[in-house]
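Please look over the sequence and the model shown here before reading on. The report moves from the whole chain to a few chosen residues.

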Amino acid sequence: MLYRPEAFEPLTAAPWREQDVRDRIRAILTDAEAAYSPDSFWPADDWDGWSAPLPLMNLYVGAAGVLWALDALRRRAYADGTLDLGDAARRLVARWREQPDFIRAEGFELPELREAAFLAGGSGVLLVAWRLVPSDELADDLHARVLANKDNEADEVMWGSPGTMLAARAMHEWTGDARWADAWRECADALLARRDAEGLWPIRLYGNSYRGLTPAHGLVGNVGALLDGGSLLAEDVRDQLMSETARVVERTAVVEDGRANWPHPEGRGLESDDGQIRLQWCKGAPGMVIAGAPYLDEELLLAGAELVWEAGPHGADKGAGICHGTAGNGYALLKTFARTGDERWLERARHFAVHALEQVERRGRARYSLFTGDLGVALYAADCLDARTDYPITDYR
């Protein structure tokens, strides 16, 4: 069995109507602006705020991610907005420096270099703030954190150097300052040196050691951060990295009847300790298709995408978001459209977008975060409107 059918629900019969989708995107953005507080930013969902001090501020489930999404959609003319994003960003940096929002659960071991993390730490906060209110102080602080994170033992995007490499690459694109290219190369060299003989990275995180495969926690995320460097990565290294990673992804795939899923971590079965079989961006076929689309064998990519389509939208437990929900799985369909040029995959992705927007409304209460909440769904719906196939943060910033 490649997935648990009971974890998914029937796809909506509602049609794709462009104006309706635009209206729902605007409603999400309007609500998010109205819910903002200068003192506490946005209310936290119980799952997002588990064992963490409030307010939530990080890029993954906190205020930095909300600000990034609001800014990104304003730049694409999906809403005008009246909230002063720059003022909110200044307040956010000041509050994060005073009290970071790291999980404080007993026995939940965070990396020693947690302060510099990209999705879960200070680097993401600083990058978003610089984008909204650029300053030398913010840039210098971020640069120091990128270099400080070079040898983080969590070799993955959320906490480790692959994540802060994404920040360095973004700053190089935005500023043209050579120090960001130098920092990126220094981190890339160190990351490549830690890759083992089988093309994987040993990861030490939350008190566990494993070799992960997924975009958030392993191989394809790390390779994506390296490929994101563009011309900063030598062409021969790029070609070798893609071919070797494609072989690892093929070797670790579990294929049945033309469908494919992947375990997390490598070397284990699809079923996790809690009995679930993950099928989402952060673990499973959707993420492997999304991150591996540039180099995966097309037959294997299609096998992963077909499983996503067959399973359908996530149920209420996982919800609509881009990390482990319906919109995140939909990005696999968008990536397959980009790779194949087959319009059927864009139509399928848009069908997922309609369902995800319905899930947001059906929930009856807003969820203010980028990766797990309504803002990510709004971005996904906008990407379906524009036939834009880049996954947020890891593909575009």
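## Helices and strands

Helices, which need at least four residues, and strands, which need at least two, are DSSP runs numbered from the N terminus. With that in mind, Val223 can be placed in helix H8, which covers residues 219-227, and Ala188 in helix H7, which covers residues 178-193. The model is a predicted one, and the protein in it has 14 helices and four strands.

## The whole protein

For a chain of 397 residues, a compact globule would be expected to have a radius of gyration near 21 Å, and because the protein has 20 Å, the two values agree. Along the principal axes, the C-alpha atoms of the protein fill a box of roughly 55 × 50 × 40 Å. When contacts with a separation of 6 or more are considered, 70% of them in the protein join residues that lie 24 or more positions apart.

The protein exposes about 15,400 Å², and carbon and sulfur atoms supply 45% of this area. It carries 43 positive and 64 negative charges, and the mean positions of these two sets are 1 Å apart.

## Buried residues and the core

Of the 397 residues, 61% count as buried. The largest nonpolar core has 145 residues, and within this core Trp42, Trp68 and Phe371 touch the most other members.

Which residues are in contact with Trp42, once its neighbours within four places in sequence are left aside? The list includes Ala32, Ala35 and Tyr36, then Ala63, Val66, Leu67 and Leu70, and also Leu83 and Tyr368.

## Ala188 in helix H7

Ala188 has a relative accessibility of 2%, and because buried means under 20%, this residue counts as buried. If residues up to four places away in sequence are not counted, Ala188 touches Met165 and Leu226. Ala188 and Arg365 are 177 residues apart in sequence, and their C-alpha atoms are 42 Å apart in space.

## Val223 in helix H8

Is Val223, in helix H8, buried or exposed? With a relative accessible area of 0%, Val223 is buried. Leaving aside neighbours within four places in sequence, Val223 is in contact with Trp201, Leu241, Thr245 and Tyr295. For one of these partners, Thr245, the separation along the chain from Val223 is 22 residues, while the C-alpha atoms of the pair are separated by 7.8 Å.

Key
Residues are numbered from 1 along each chain as its sequence is written. This is a predicted model: local features need pLDDT of at least 70, side-chain atom pairs count only at pLDDT 80 or more; totals for chains, interfaces and linings use all residues. Side-chain values use heavy atoms; hydrogens and water are left out. The radius of gyration is taken over C-alpha atoms; the globule rule is 2.2 Å times the number of residues to the power 0.38. Buried means under 20% relative accessible area, exposed over 50%, partly exposed in between (1.4 Å probe, protein chains only). Contact means heavy atoms within 4.5 Å. Accessible areas come from the Shrake-Rupley method with a 1.4 Å probe; for residues, only the protein chains shown count as cover. Lys and Arg count as positive and Asp and Glu as negative; His and the chain ends are not counted. The place of a charge is taken as NZ of Lys, CZ of Arg, CG of Asp or CD of Glu. A nonpolar core is a set of buried Ala, Val, Leu, Ile, Met, Phe, Trp, Tyr and Cys residues joined through side-chain atoms within 4.5 Å.
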